[in-house]
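Open the model in your viewer and keep the selection panel at hand. The stops below say what to select next and what is there.

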Amino acid sequence: MVRVLERLGHTVEFPPGQTCCGQMHYNTGYQAEAMPLLERFVAQFKDAEAVVVPSSSCVAMMRDHYPKMAREIGDSKLNEAVDALLPKVFEFSEFLTKRLGVEDVGASYPHRVTYHASCHGLRNLGLGDGPVRLLRAVKGIDLVELPSVEVCCGFGGTFAVKNADVSSAMLADKTAAILSTGAEACTACDNSCLMHIEGALHRQKTGVKTVHLAEILAGEEVAR
Amino acid sequence: MSGTALDPKTAPLFPIAAKIAMGDAQMRKNVRHATDVIQTKRARVVAEMPDWQQLREAGRQIRQHTMENLDFYLEEFERNCTRAGGVVHWARDAEEARRIVVELAKASGSDEVIKIKSMTTEEIQLNQALEAAGVHAVETDLAELIIQLGEDRPSHIVVPALHKNRQEIREIFQRKMNLPELGDRPDDLADAARMYLREKFLRVKTGVSGANFLIAETGGVCIVESEGNGRMCLTLPETLITLAGIDKVVPRYQDLEVLLQLLPRSATGERMNPYNSIWTGVDVKDGPRTFHVVLMDNARTEILADEESRQTLNCIRCAACQNACPVYRQTGGHAYGSVYAGPIGAILTPQLQEMHYAQSLPYASSLCGACYEVCPVKINIPEVLIHLRNKVVKQNTAGVAGLFDVEATAMKAMAMIFRSEKRFRAAQRLGRIAESPLTGKDGWIGWLPGMLGGWTQARDLKEMPKETFRDWWEKRGKNGN
Amino acid sequence: MATETVANSARTEILRRIRAAKGGDSSAASAEAGWAAIERKYKRVSSRSREDVLELLEERLRDYDAQVMRVRLDDIATTVARMMSERGVQRVVVPAGLKMEWLPSGFEFVFYSEDADRRNGDSGGDALTAAELDGMDGVMTGATVAIAETGTVVLQNTAGQGRRAVTLVPDYHLCVVQVKDVVETVPEAMERLKGSATLATTFVSGPSATADIEMTRIKGVHGPRFLDVILAG
């Protein structure tokens with residue numbers, strides 16, 4: 001992601017104190033434990049011009065829940081800070097397509113690839129066809145449509161462990177769909193989905209791997 | 001009589017019930033086929049409506065407004081229904097509702113009642129109460145008939161026998177209707193049901209129904225159906241008893257213009273379902289001479305009291321969420337241990353149980369949001385699920401026993417790590433150390449202990465990267481780029 | 001004040017719970033204001049030409065396997081004869097108030113009257129029990145309103161349409177819909193029905209159907225399996 005942004009001429013900073021957006025806790029029912037993580041995020045990033053996140057589920061967490069959480073904490077300064085910060089927070093693909101208005105980032109990735117629409121990116125962030133447009137502009141890519149592309153991969157955070165059987169069944173459908181495309185790799189905007197999917201692709205010894213959208217966009221043609 | 005009723009108080013935890021359910025390959029195939037078909041049909045008829053989103057928003061506002069003025073509208077309904085000759089009863093809970101309906105049924109002088117499919121009557125296990133009082137309840141909805149004769153339980157709000165295919169249905173009808181020669185084409189099966197039930201329709205004196213909508217402004221009741229058995233039960237008997245949750249009330253007649261567009265398209269993917277019946281009180285020349293409505297609370301006021309999950313009551317029972325849910329698709333409805341299954345079941349059932357039971361249901365979801373996308377009245381089910389998870393955690397961590405909750409301890413520990421950069425880095429280092437005995441030569445972990453073993457059941461886990469982003473970034477900084 | 005009965009106490013308790021849950025009572029005024037504030041940006045009026053609306057109704061009715069004939073008002077009787085012959089129907093119930101000039105000769109029309117009290121066993125020659133209705137070949141009625149968008153015909157307990165059982169028990173229903181009673185949308189239909197909202201009302205959208213067996217839509221479980229519509233005007 002850093003490589004792509006720098007290629008496009010931007011300066012990237014990485015606040016080393018950042019840890020986690022709190023989604024895992026919040027979604028599992030541990031709202032109280034997630035509150036300090038919100039405060040930390042705001043403290044770390046409040047002075048940024050733009051915050052780019054390679055994870056649609058994290059951004060969804062912030063957009064959907066941070067305002068409400070801040071109100072619950074009850075600190076008016078925090079409320080203001082959250083309201084001021086959130087418009088500056090972007091998921092990586094939407095930063096490129098919506099904020100910067102670019103589709104061609106000068107990438108090269110000569111492989112057969114299929115794209116999985118992560119639920120948070122699809123439904124919560126409304127990424128639409130942004131990621132696909134970015135992929136289509138990649139040099140040499142052979143992009144194949146994934147059947148049932150909008151169906152959840154079954155990760156769901158702690159769901160994957162608390163309801164392992166159902167999660168695996170959902171994953172089996174997703175991997176079957178991926179294998180049916182003949183793709184060498186499956187991509188998405190969320191590492192949680194990809195970790196989940198690759199876990200099964202590897203266990204089944206399919207030879208198919210997963211690669212984050214940012215890695216594809218970072219791909220450069222080897223100079224001859 | 002149905003088999004052991006789906007009872008949230010005794011149902012196994014969802015992960016266990018799901019595992020058992022998924023072992024039934026035929027059921028899974030049937031569920032997949034059915035949900036695929038309805039989803040496709042729904043998508044087609046919704047695509048025809050350029051004002052679909054405006055309808056959804058109006059639906060949401062109508063329902064929300066109703067709940068905000070529920071006391072007013074219930075009183076208005078009671079007034080208008082009574083004025084038109086109906087008798088209105090109030091039931092605080094399932095037990096009271098059962099008692100009232102059984103008394104009314106017995107008072108009607110019939111030892112048999114014909115029933116229209118009603119999830120509300122299933123919710124309170126009415127049929128068993130009637131049987132115990134010597135009144136035989138005959139289900140007349142084809143799916144419910146299949147369920148009843150097959151001694152089974154409903155698995156879907158709109159298509160309760162969706163988990164059965166034609167061969168299984170034929171087998172049930174052959175046995176119970178004594179039709180050894182019966183074919184298995186859907187037409188044959190429908191014919192068999194028609195003959196079997198027609199005799200009852202023309203003879204039985206008492207009918208029992210639920211209600212889709214109670215119209216406050218007019219005192220009218222609306223039933224939405226497909227087969228015509230509803231019309232039979234509503235017009236031919238002498239006595240009609242209608243059971244409705246207090247959440248069924250709708251402010252004005254005009255509001256049906258929204259709900260009758262949202263419901264059929266969402267529930268069965270039709271522009272309009274075959275029959276809607278609206279009747280008001282009693283007209284002795286057209287339908288029953290005696291009409292009773294039983295308004296039931298049964299914990300709905302508890303849900304009303306929780307501002308964050310109050311939207312659960314907005315549900316119009318279309319089951320579009322069930323059809324869209326990737327979890328339901330895998331497990332079918334019985335795994336939820338309640339007549340309300342799928343996404344709506346995951347939020348409604350625990351709340352109807354006042355959070356004393358069915359606490360595993362809010363976790364029976366990957367929070368994918370497909371349900372919210374299709375809900376015709378825009379219930380934000382994922383948000384309610386998260387809210388209920390919080391309630392469950394608070395319950396589990398309350399008091400002395402709560403201090404020993406394993407999951408909570410782990411979550412608190414992780415939260416501590418995430419609150420500090422130093423601890424986070426240390427955890428990353430520790431993670432690499434801890435995983436190294438589990439990591440294979442190719443950099444993958446095939447087995448994890450304890451709770452985490454759920455992951456490695458079907459998946460491998462990649463080892464942590466040898467160089468984390470943090471390491472890479474810092475190295476880069478030192479080298480100037 | 002009289003001692004509260006159990007019934008009353010349930011009512012009082014539930015209303016009390018509701019008010020406690022919401023944090024207050026609702027009044028007619030607050031309900032009125034809240035209801036008026038509901039945003040209704042969905043389609044509420046027709047956007048098609050009259051001819052298009054009528055064609056749409058025909059199309060949507062046919063989608064539900066109903067047979068539709070579009071005729072002039074003075075051709076109704078001959079069309080009735082034709083459709084009933086095609087169906088092989090001879091003995092048909094007719095609710096009081098249906099226009100006599102719509103009925104052709106050569107068939108047995110059994111008039112049904114609201115006034116006879118059938119349950120007391122006094123059939124008065126005109127009323128029909130459910131069992132008698134069951135013995136008819138079919139029923140013929142008019143309609144109150146028809147909705148083009150959804151292919152729906154709405155019947156009410158009124159002249160020419162009769163009590164509900166009359167269009168339910170016989171296996172064949174022939175329905176005459178006048179062009180002036182056709183609207184495009186559901187909101188327009190509810191508007192037309194508002195004035196008679198408390199009459200027993202039935203929305204019919206195609207013959208009886210079920211999709212409970214493997215999701216295949218099967219015609220005709222209960223209710224008339226055959227529906228013919230004459231669109232006249």
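Two strands count as paired if DSSP finds at least two bridges between them. Keep that rule in mind for the stops on strands. The model is a predicted one. For the complex, the predictor gives an ipTM of 0.92 and a pTM of 0.92.

**Stop 1: a strand pair inside chain C**

Select strand E6 of chain C, residues 152-156, and then E9(C). The two strands run antiparallel and are joined by 4 bridges, so they meet the rule of at least two bridges for a pair. Now pick out C:Val153; opposite this residue, in E9(C), stands C:Val204.

**Stop 2: across to chain B**

Stay on strand E9 of chain C, residues 201-204, and add strand E9 of chain B, residues 275-280. Here too the strands run antiparallel, with 4 bridges between them. Which residue of E9(C) is the bridge partner of B:Asn276? The partner is C:Phe203.

**Stop 3: the whole sheet**

Select the 8 strands of the open sheet in this order: E8(B)-E5(B)-E6(B)-E9(B)-E9(C)-E6(C)-E5(C)-E8(C). The pairing in this sheet is mixed. Which strands stand at the edges? They are strand E8 of chain B (249-250) and strand E8 of chain C (182-183). Each has a single partner strand, so one side of each has no neighbour in the sheet.

**Stop 4: where chains B and C touch**

Widen the selection to both chains. The contact involves 78 residues of chain B and 66 residues of chain C. On the chain B side, helix H3 (residues 52-68) gives the most, with 8 residues. That side of chain B consists of 38 nonpolar, 22 polar and 18 charged residues. There are 2 pairs of chains in contact, and chains B and C share the most contacts.

**Stop 5: chain C by itself**

Hide the other chains. Chain C has 12 strands and 6 helices. Of its 233 residues, 45% count as buried. Among contacts in chain C with a separation of 6 or more, 67% are between residues 24 or more positions apart.

Next, colour chain C by pLDDT. The mean for the chain is 88, and 87% of its residues reach 70 or more. Then select residues 116-126 of chain C, where pLDDT stays under 50. For this stretch the model has 13 contacts beyond four places in sequence.

**Stop 6: chain A and its two domains**

Show chain A and colour domain 1 (2-98) and domain 2 (112-218) separately. Their C-alpha centres lie 23 Å apart. In the contact between these domains, domain 1 has 19 residues and domain 2 has 21. Helices H1 (2-7), H2 (23-28), H4 (56-73) and H6 (92-99) of chain A each give two or more residues to the domain 1 side. By class, that side has 7 nonpolar, 8 polar and 4 charged residues.

**Stop 7: chain A against its neighbours**

Bring chain B back. Chains A and B each put 43 residues into their contact. Elements of chain A that supply at least two residues to this side include helix H3 (31-45), helix H10 (164-181) and helix H11 (191-203). The chain A side holds 21 nonpolar, 15 polar and 7 charged residues.

Finally, show chains A and C together. These two chains do not touch, and their nearest C-alpha atoms are 20 Å apart.

How values were computed
Residues numbered from 1 in each chain as written. Chains lettered and ligands numbered in written order. Predicted model: local features only at pLDDT ≥ 70, side-chain atom pairs only at ≥ 80, totals over all residues. Contact = placed C-beta atoms within 7 Å. Nonpolar A, V, L, I, M, F, W, Y, C, P; charged D, E, K, R; others polar. Domains from an automatic or database assignment. Buried ≥ 20, exposed ≤ 12 C-beta atoms within 10 Å, placed from the backbone. pLDDT = per-residue confidence, 0-100.
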